[in-house]
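I opened the model to look up a strand pairing, a nonpolar core and one loop residue. My entries follow in that order.

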Amino acid sequence: MEEQKSISKNVVATISALAVTATIAGGGLAWFTIQANRPQANTPSTTSSPNPVTVDSAQVNSPTVAPIEAAPNPPAVVPPVVLEVPTAGTTTKITPEIAQKQENTVKIWRLDDDGKKTVLVPQVRPDPQASTTDPEVRVNRAISSLIASAGKPDGKLTSTIPVGTKLLSAKVLSDGIHIDLSKEFTQGYGATSMIGRLGQVVYTATADNPDAPVWITVEGKKLEVLGDVGAEVRQPITRQTYNQDFPINPDPTATP
């Protein structure tokens with residue numbers, strides 16, 4: 001009886017072992033089947049090169065990139081200034097700018113005395129009235145400005161025209177410039193004073209037209225003699241005849 005129980009136990013153990021073995025075999029077969037059917041990933045080959053090359057990073061020259069410089073701004077183009085320099089025998093070109101400047105000013109002639117010699121000197125003064133190019137109007141304004149300067153020294157420049165002298169008329173006619181002054185113009189004594197005032201009127205009246213002849217009257221009467229000096233006044237008077245007849249002449253260094 002015990003012998004049969006022993007055989008039965010051995011049979012059961014054998015069957016159990018076979019079952020376990022079958023289970024393990026089945027599981028292994030299933031695992032190999034899954035692995036065989038799984039898609040293979042593309043992995044990089046890890047096979048190393050038989051002769052690997054070692055690169056020293058310190059010896060590798062980085063590519064040089066030339067810096068891009070911004071183009072400098074071109075300098076402003078300044079048109080050259082051209083000056084016309086008059087030469088002997090030529091006439092200075094009057095541009096619109098010069099004409100405009102002349103319209104806004106008048107030129108009078110005053111006297112400069114250094115104690116040894118008296119000379120006529122030009123002086124540019126602003127014209128307080130509206131600009132004009134009318135020759136007769138400009139002569140009136142210039143002579144009026146000259147008379148207004150009487151008794152008013154400007155630095156070394158003076159005037160020998162008596163204070164109170166009046167401009168009665170100034171006309172530009174075909175035969176020249178006609179100036180009529182009040183009787184105060186002939187008052188006063190001294191050759192220098194009389195000659196100086198005559199030159200002031202002649203040069204101021206011809207400021208815009210240096211070659212024009214000048215006719216001078218005192219309250220309508222022709223000026224023939226310079227007061228007590230007794231010097232004859234040739235009429236019409238030009239700058240040239242004045243320089244020939246009288247010792248007071250323009251300063252050669254002054255701008256005419």
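I began with strand E4 (residues 167-173) and strand E5 (176-181), which pair in the antiparallel sense over six bridges. I took helices (H or I, at least four residues) and strands (E, at least two) as DSSP runs, numbered from the N terminus. Two strands count as paired if DSSP finds at least two bridges between them. E4 and E5 make a hairpin, with two residues between them. I looked up Val172 and found Ile177 in E5 as its bridge partner.

This is a predicted model, where local features need pLDDT of at least 70 and side-chain atom pairs count only at pLDDT 80 or more, while totals for chains, interfaces and linings use all residues. Residues are numbered from 1 along each chain as its sequence is written, and side-chain values use heavy atoms, with hydrogens and water left out.

Next I took the largest nonpolar core (buried Ala, Val, Leu, Ile, Met, Phe, Trp, Tyr and Cys residues joined through side-chain atoms within 4.5 Å). It has 33 residues, and Val201 is among those that touch the most other members. Elements that each supply at least two residues include strand E1 (105-113), helix H3 (135-148) and helix H4 (191-205). H4 gives the largest share, seven residues.

For Val201 I listed contacts (heavy atoms within 4.5 Å). Leaving aside neighbours within four places in sequence, Val201 contacts Ile143, Leu146, Ile161, Ile179, Leu181, Phe185 and Ile216.

Last, I checked Thr238, in the loop between strand E9 (231-232) and helix H5 (239-245). Is Thr238 buried or exposed? Thr238 is buried because its relative accessible area is 18%, where buried means under 20%, exposed over 50% and partly exposed in between (1.4 Å probe, protein chains only).
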